[in-house]
Amino acid sequence: MDTPSLYAAREPIFPRRVSGKFRQLKWWIMAITLGIYYLTPWIRWDRGPNLPDQAVLVDLASRRFYFFWIEIWPHEFYFVAGLLIMAGLGLFLFTSALGRVWCGYTCPQTVWTDLFILVERWIEGDRNARLRLHRAGWDVRKWRLRITKWVVWLLIGLATGGAWVFYFTDAPTLLGDLLSFSAHPVAYATIAVLTATTFVFGGFMREQVCIYMCPWPRIQAAMMDSDTITVAYREWRGEPRGKKGTDGAGDCIDCMACVNVCPVGIDIRDGQQMECITCALCIDACDDIMAKIGKPRGLVDYLALSDEPAERAGQAPKPVWRHILRPRTILYTAMWSLIGLGLVYALFIRSDIELTVSPVRNPTYVVQSDGAIRNIYDVRLRNKLGEDRAFRLSLTSDEVLRIDLDDRARNLTLTVPADSTVLQRVYVTARPQDPAAGIDRTDLRLWVEDLGSGDRASRATTFSGKVTP
Amino acid sequence: MSDKKIDETTGIETTGHSWDGIQELNNPLPRWWLWTLYATIFWGIAYTIAYPAWPLISGATSGVLGYATRAEVAEQITAHQAQNAELASALVAAELTELAPGDDLHRYATARGGAVFRAQCSQCHGSGAAGATGYPNLLDNDWLWGGDIDNIVWTIAHGVRNETDPDARYSEMPAFADILEADEIDAVVEYVLSLSKPDRDPVLAEAGNTVFLDNCASCHGDMAEGNRDLGAPNLADAIWLYGDSPEAVAYTVRNARYGVMPAWGQRLSDADIRAVSVYVHSLGGGE
Ligand code: SF4
Ligand code: SF4
């Protein structure tokens with residue numbers, strides 16, 4: 001018995017050009033997403049003298065993330081975590097309602113592959129010409145076409161990797177540095193790696209990335225059910241396939257248009273398949289054929305599988321909103337909105353003075369020579385504004401228990417430079433005869449007041465006394 | 001190809017492998033996947049040759065690139081020292097009393113001093129500098145030898161009660177067990193405790209006051225307020241280095257205590273001594 005091969009070489013795919021409303025939509029989405037990606041780092045935003053004037057900037061060196069008027073400090077990283085959770089839930093929501101719309105329209109792998117295929121078609125011609133070239137020997141013409149194509153791909157890759165690094169430092173400065181070869185080696189290395197991956201993923205691996213490297217096709221099935229609206233073939237209408245006009249034949253004339261345009265190389269008429277990225281190009285291709293042979297469009301279409309029995313019986317399918325509004329989509333929407341509202345709320349209650357107060361617990365208290373009990377606190381003050389600010393500390397506690405700031409803290413004016421943090425030790429004392437000195441735990445609140453604006457902020461903490469057994 | 005086994009239900013070729021009657025369908029992986037696997041294997045082997053990897057009985061293979069994490073750390077340390085050389089020499093030259101919190105030099109000194117403290121001093125004085133019985137708490141305002149910066153530098157540099165340094169701090173309390181009677185000791189203990197604690201026996205304390213003035217006041221002062229020149233502790237305050245129980249105080253009177261501290265000037269650089277002094281001074285008790 002001969003052993004079957006466990007490994008197969010990639011079958012090259014030569015998707016044919018197609019036009020139609022979904023193709024049109026995909027062009028628009030490509031233009032918008034690529035536009036956002038390439039242009040965002042160049043938007044300027046005036047934040048005052050000491051702060052960067054790039055609207056979107058991930059400043060790793062000084063640990064700040066700037067997004068237009070929003071500035072995220074490292075301790076507020078929950079905003080980023082929240083956005084990532086929202087992105088995940090959003091993906092769940094869209095997948096359960098509309099199948100793999102993310103994959104088909106907005107996934108960078110799809111967008112760049114589309115762009116690369118566009119270049120390929122422009123240089124080497126459409127499907128048949130490319131097939132011929134693929135089979136032809138390596139003569140001068142083939143070399144010339146291939147090298148032209150690879151150079152254009154490399155340029156796109158370079159632009160892709162190049163755009164990425166601009167998000168991490170001031171874009172115009174970096175561009176100057178890059179061109180004069182004086183930028184940081186990390187910038188060049190990042191561009192090199194991203195250029196290489198763009199070139200390989202978009203030019204050569206294409207659907208292999210979607211099928212074998214991306215985990216999403218394996219997971220998305222859990223988000224979908226028979227009410228999900230996804231690309232499918234109306235088998236009851238198309239089968240049996242045959243030439244137009246043949247007796248008893250369905251609408252499908254077996255022209256293979258839907259197969260030839262498919263970027264992942266599958267036949268949608270075989271039913272739903274893991275590889276399908278629901279890019280809808282097969283819908284455009286088949287609608288075109290249906291128009292030519294005078295049949296209604298929609299032999300291949302966005303549809304919900306649960307409608308099939310009704311359609312087969314000649315009844316109208318359920319309205320789209322009935323498919324989309326169902327418990328799981330409502331649940332995903334609710335969770336998504338809840339987190340979103342939480343983040344917006346957190347964004348608006350943020351103050352531009354922030355302090356954290358951590359009681360030093362090594363040791364919990366210090367006995368002074370007069371028997372007074374002293375506690376030490378590490379107070380971290382963050383000034384998020386673009387100018388230096390002076391602060392004064394004060395304390396509120398239960399008067400009866402008598403806890404005071406030490407003299408040096410009472411007379412302390414803390415100057416926090418613009419956009420930075422100051423860590424200050426603060427000493428709080430209870431005199432020996434005051435009750436707080438002998439109580440294990442007394443609540444108190446530490447205040448800071450901006451001497452310029454009068455704004456105040458505070459943090460609750462506790463005072464530990466010496467408890468004699 | 002005549003022997004192809006086709007699975008009836010799916011129409012897909014099988015690999016011919018069967019486990020408990022379950023046939024494995026042949027959905028071949030892409031060949032680039034296989035090559036990626038080979039490449040990672042090659043990479044793994046090359047890596048273990050290039051870098052230290054395989055454990056031996058003592059040590060490990062050193063790798064042909066000669067890489068070592070220790071060398072890397074040593075390099076980083078040298079680089080940091082070079083980077084801080086200017087601050088370090090400024091610290092050695094500085095008038096320490098004039099350093100103010102918030103200054104660059106003060107920040108540098110406390111950071112460096114904190115590191116020295118945790119490495120060298122925390123074994124006795126505790127990582128938070130709160131000390132322990134017999135080891136002074138450095139956070140409070142009670143100082144045996146003075147809590148201003150110059151005194152702290154001196155104590156750290158020369159140590160306490162060690163023969164190796166002629167400038168070391170020495171406190172000489174006699175062991176009173178051979179000098180005083182047992183009831184005199186009881187009385188003087190009661191007296192010193194009464195200075196900071198209520199509810200002591202006033203009659204006994206009154207007797208102890210006489211004993212104190214005759215034997216102890218020459219070092220500790222008439223009011224038991226201590227004497228920093230001699231390292232004699234203040235006995236009237238709430239801080240007790242060796243404990244505040246009558247037994248602990250009586251033990252001290254009978255046997256005297258001999259706390260020691262190394263002369264760090266013999267082990268640490270000038271900059272380290274000054275840095276750790278600034279650090280200790282900044283902990284909250286500095287005068
Ligand atoms: S089957 Fe149709 S929708 Fe699915 S990937 Fe192919 S062309 Fe796109
Ligand atoms: S494009 Fe339409 S008609 Fe042509 S093969 Fe596909 S489903 Fe059939």
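In this predicted model, A:Y7 stands opposite B:L29, a residue in strand 3 of chain B. The two residues belong to a place where the chains join strand to strand, for strand 1 of chain A, residues 7-8, and strand 3 of chain B pair in the parallel sense over two bridges.

From this pairing the reader can move outward to the whole contact, which takes 25 residues from chain A and 30 residues from chain B. Between them the two chains bury about 2,300 Å², and 56% of that area lies on carbon and sulfur atoms. On the side of chain B, the residues B:R31, B:W32 and B:L139 supply 21% of the area that this chain buries against chain A, more than any other three residues. The elements of chain B that give two or more residues to the side touching chain A are strand 1 (14-19), strand 3 (29-30) and helix 1 (31-50), and helix 1 gives the most, with four residues. Sorted by class, this side of chain B has 12 nonpolar, 11 polar and seven charged residues. Across the interface the rule finds zero salt bridges, while the count of residue pairs in polar contact, with both residues at pLDDT 80 or more, is 14.

The next stop is the pair of ligands. Around ligand 1 stand residues of chain A, among them A:C262, A:C276, A:C279 and A:C282, together with others including A:V231, A:P263 and A:T278. The shell of ligand 1 divides into 11 nonpolar residues, one polar residue and no charged residue. Ligand 2 has 13 residues around it, of which A:C252, A:C255, A:M256, A:C258 and A:C286 come nearest. Two elements of chain A, helix 12 (257-260) and helix 13 (281-293), give two or more residues to the shell of ligand 2. That shell divides into 11 nonpolar residues, no polar residue and two charged residues.

Some details of the backbone in chain A complete the tour. The peptide bond from A:E239 to A:P240 is cis, with omega near -15°, and A:P240 has its place in the loop between helix 11 (235-238) and helix 12. A second bond, from A:N362 to A:P363, is also cis, with omega near 5°, and here the proline is found in the loop between strand 7 (353-359) and strand 8 (366-367). A:R206, although it is not a glycine, has a positive phi of about 40°, and this arginine is placed in the loop between helix 8 (185-205) and helix 9 (207-213).

Methods. Residues are numbered from 1 along each chain as its sequence is written. Chains are lettered from A and ligands numbered from 1 in the order in which they are written. This is a predicted model: local features need pLDDT of at least 70, side-chain atom pairs count only at pLDDT 80 or more; totals for chains, interfaces and linings use all residues. Side-chain values use heavy atoms; hydrogens and water are left out. A residue is near a molecule or strand if one of its heavy atoms lies within 4 Å of it. Ala, Val, Leu, Ile, Met, Phe, Trp, Tyr, Cys and Pro count as nonpolar, Asp, Glu, Lys and Arg as charged, and the others, Gly among them, as polar. Contact means heavy atoms within 4.5 Å. Buried area is the accessible area (1.4 Å probe) that two parts lose on being put together, summed over both. A salt bridge is a side-chain nitrogen of Lys or Arg within 4 Å of a carboxyl oxygen of Asp or Glu. A polar contact is a pair of N or O atoms within 3.5 Å; within protein, one must be able to donate a hydrogen and the other to accept it, and residues adjacent in sequence count only if both atoms are side-chain atoms. Two strands pair if DSSP finds at least two bridges between them.
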